[in-house]
Amino acid sequence: MQATAYTYDPETRSGQVLLDDGTPVPYDTAAFDAGGLRLLRPGQRVRIETEGRGDTLRITLVTLQTL
């Protein structure tokens, strides 16, 4: 699934992405670290992996979108 980086806190390595429908979804340190990233800037397109649905949707991986 693709999303757009919305917020990023370099101290906690967590933040939020915006899904293509505009829904903000938070990601935690573990999801950020799983992607091997060092930083993330708002507006960057990212690829995310999730589990759950609706209110239980949780991001398990955040990495940069590549072609």
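Me: Two strands count as a pair if DSSP finds at least two bridges between them; what makes S4 and S5 such a pair?

Reply: In this predicted model, six bridges join strand S4, residues 45–51, to S5, and the two run antiparallel. Six bridges satisfy the requirement of at least two, and therefore the two strands are called paired. Among the bridge partners, Glu 49 is matched with Leu 61 in S5, and Glu 51 with Arg 58 in S5. Between the strands of this hairpin lie six residues, and Gly 52 takes a positive phi near 85 degrees.

Me: What makes S1 and S2 a pair, and which residue in the turn of their hairpin has a positive phi?

Reply: Strand S1 (residues 2–9) and strand S2 (residues 14–19) run antiparallel and are joined by six bridges, so they too meet the requirement of at least two. One of the matches sets Asp 9 against its bridge partner Ser 14 in S2. Four residues separate the two strands of the hairpin, and in that turn Arg 13 has a positive phi of about 55 degrees.

Me: How many bridges join S2 to S3, and how do you know that the two count as paired?

Reply: Four bridges join S2 to S3, again with the strands running antiparallel, and since at least two are needed, the pairing holds. Gly 15 has Tyr 27 as its bridge partner in S3. Here as well the hairpin has four residues between its strands, with Gly 22 in the turn at a positive phi of about 90 degrees.

Me: What is the order of the strands in the open sheet, and why are S3 and S5 called edge strands?

Reply: The five strands of the open sheet follow the order S3-S2-S1-S4-S5, with antiparallel pairing. Strand S3 (24–27) and strand S5 (58–64) are the edge strands: each pairs on one side only. From one strand to the next, the twist averages 40 degrees.

Me: Why is the pair formed by Tyr 27 and Phe 32 called stacked?

Reply: The ring centres of Tyr 27 and Phe 32 are 6.4 Å apart, which falls within the 6.5 Å needed for a pair; their planes stand at 20 degrees, and because planes under 30 degrees apart count as stacked, the term applies. A search of the whole structure finds two aromatic pairs, and Tyr 8, Tyr 27 and Phe 32 form one aromatic cluster.

Me: How do you know whether Tyr 27 and Phe 32 are buried or exposed?

Reply: Tyr 27 has a relative accessible area of 4% and Phe 32 one of 0%; buried means under 20%, so both residues qualify.

Me: Which residues have the most contacts inside the largest nonpolar core, and which elements give two or more residues to it?

Reply: This core has 15 residues, and those with the most contacts inside it are Val 17, Tyr 27, Leu 40, Val 46, Ile 48, Ile 59 and Val 62. S1, S2, S3, helix H1 (29–34), S4 and S5 are the elements that give two or more residues to the core, and S1 gives the most, with three. Val 62, leaving aside neighbours within four places in sequence, is in contact with residues including Tyr 27, Ala 31, Phe 32, Leu 40, Val 46 and Ile 48.

Me: Why is Glu 49 called partly exposed?

Reply: The relative accessible area of Glu 49, a residue of strand S4, is 37%, and because buried means under 20% and exposed over 50%, a value in between is called partly exposed. Beyond four places in sequence, Glu 49 touches Arg 58, Ile 59, Thr 60 and Leu 61.

Me: What makes the approach of the Glu 49 and Arg 47 side chains a polar contact?

Reply: The contact between these side chains is 3.0 Å, which lies within the 3.5 Å limit for a pair of N or O atoms. Likewise, the side chains of Ser 14 and Thr 12 make a polar contact of 2.7 Å, Ser 14 being found in strand S2.

Me: Why is Thr 7 called partly exposed, and what lies 2.9 Å from a polar atom of its side chain?

Reply: Thr 7, in strand S1, has a relative accessible area of 33%, so it belongs between the buried limit of 20% and the exposed limit of 50%. The backbone nitrogen of Gln 16 lies 2.9 Å from a polar atom of the Thr 7 side chain. Not counting residues up to four places away in sequence, Thr 7 touches Gly 15, Gln 16 and Tyr 27.

Conventions:
Residues are numbered from 1 along each chain as its sequence is written. This is a predicted model: local features need pLDDT of at least 70, side-chain atom pairs count only at pLDDT 80 or more; totals for chains, interfaces and linings use all residues. Side-chain values use heavy atoms; hydrogens and water are left out. Axes are lines fitted to C-alpha atoms, for helices over the stretch in contact, and angles run from 0 to 180 degrees between N-to-C directions. A nonpolar core is a set of buried Ala, Val, Leu, Ile, Met, Phe, Trp, Tyr and Cys residues joined through side-chain atoms within 4.5 Å. Buried means under 20% relative accessible area, exposed over 50%, partly exposed in between (1.4 Å probe, protein chains only). Contact means heavy atoms within 4.5 Å. Rings of Phe, Tyr and Trp (its six-membered ring) pair if their centres lie within 6.5 Å; planes under 30 degrees apart count as stacked, over 60 as edge-to-face and the rest as tilted. A polar contact is a pair of N or O atoms within 3.5 Å; within protein, one must be able to donate a hydrogen and the other to accept it, and residues adjacent in sequence count only if both atoms are side-chain atoms.
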